[in-house]
Amino acid sequence: MERLLNAFLDFARSDAADSLEQTQPSSIVMAVLEDAKRMEQDVTLGGIDGPDDPVALRPLAIKRALDNLVGNALRYGTQAEIGVSVTDRAVRFWVEDDGPGIPPDRYEEALSPFVRLDPARNQDKGGGVGLGLSIVADIARTHGGVLRLGESERLGGLKAEVVLAR
């Protein structure tokens, strides 16, 4: 019960202390990648595409979103790729993995708070409480964006994209 309560409180204040700052999107991706490497996790840089001009972001919130996506990727798979693509119209952060993925008909359900699609799966890697994707979706919404789920063409598992309009 305490774990659920703590997770809910984290969810409720996910970016309350974070304000918009002009931030290079690549710097957030590189910070997440450096943290993963320091923890000896199998996370690689999939790409940094487009201009790396500063964008108005809540950098701590975006980093938290990417940390959640990488954590999920490694909970259900063995490797992950992270990257960012910047265009004149959007910033798209993405994480792909080699895990089992999520069936397309369950994407909406997976974004709901406190939902775990398969509570028995990968308990040896730490049990979550079903807030990771909800937090990421909430962070995307606070930036006027969206979290999109799909299939990773490169790794075969899940591809999660945080797409933010510029």
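Is Arg-38 buried or exposed? In this predicted model, Arg-38 counts as exposed because its relative accessibility is 61%, above the 50% over which a residue is assigned to that class. Despite this exposure, the side chain of Arg-38 is engaged in a salt bridge with Asp-35, in which the closest N and O atoms are 2.3 Å apart. Both Arg-38 and Asp-35 belong to helix α2, where a spacing of three residues places them about one turn of the helix from each other. An α-helix has 3.6 residues a turn, so residues three or four places apart point the same way.

Asp-35 also takes part in a salt bridge with Lys-63, for which the closest N and O atoms are 2.6 Å apart. This second pair links distant parts of the chain, since Asp-35 lies in helix α2 whereas Lys-63 lies in helix α3 (residues 59–76), with their positions 28 residues apart in sequence. Lys-63 in turn forms a salt bridge with Asp-67, the closest N and O atoms being 3.1 Å apart, and here both partners are in helix α3, four residues apart, or about one turn of the helix. Asp-67 is classed as partly exposed because its relative accessible area is 30%, a value that falls between the limits of 20% for buried and 50% for exposed residues.

In total, ten salt bridges are counted in the model. A network of such bridges links Glu-81, Arg-92, Glu-96, Arg-148, Arg-154, Lys-159 and Glu-161. One member of this network, Glu-96, is located in strand β5 (residues 90–97) and is buried, because its relative accessible area of 3% is under the 20% limit. When neighbours within four places in sequence are left aside, the residues in contact with Glu-96 include Gln-79, Ala-80 and Glu-81, together with Ser-152, Glu-153, Arg-154, Leu-155, Leu-158 and Lys-159.

The side chain of Glu-96 additionally makes a polar contact of 2.3 Å with the side chain of Ser-152. Ser-152 is positioned in the loop between β6 (146–151) and β7 (158–165), and it counts as buried because its relative accessibility is 1%, under the 20% limit. Within the loop region, the side chain of Ser-152 also reaches the backbone nitrogen of Leu-155, at 2.9 Å. With residues up to four places away in sequence not counted, Ser-152 touches Glu-96 and Asp-97 as well as Gly-157, Leu-158 and Lys-159. Ser-152 and Glu-96 are thus both buried and joined through their side chains.

Backbone geometry was examined at two further positions. Glu-40, in the loop between α2 (25–38) and β2 (43–49), has a phi near 60 degrees, which is a positive value in a residue other than glycine. Glu-40 is exposed, because its relative accessible area is 75%, over the 50% limit. A positive phi, of about 75 degrees, is also found for Gly-144, just after α5. In helix α5 itself (residues 132–142), the buried residues are Leu-133, Ser-134, Ile-135, Val-136, Ala-137, Ile-139 and Ala-140.

Note on methods:
Residues numbered from 1 in each chain as written. Predicted model: local features only at pLDDT ≥ 70, side-chain atom pairs only at ≥ 80, totals over all residues. Heavy atoms only, no water. Buried < 20%, exposed > 50% of the residue type's maximum accessible area, 1.4 Å probe, protein only. Helix = DSSP H or I, 4+ residues; strand = E, 2+ residues; numbered from the N terminus. Polar contact = N/O pair within 3.5 Å; in protein donor to acceptor, adjacent residues only side chain to side chain. Contact = heavy atoms within 4.5 Å. Salt bridge = Lys/Arg side-chain N within 4 Å of Asp/Glu carboxyl O.
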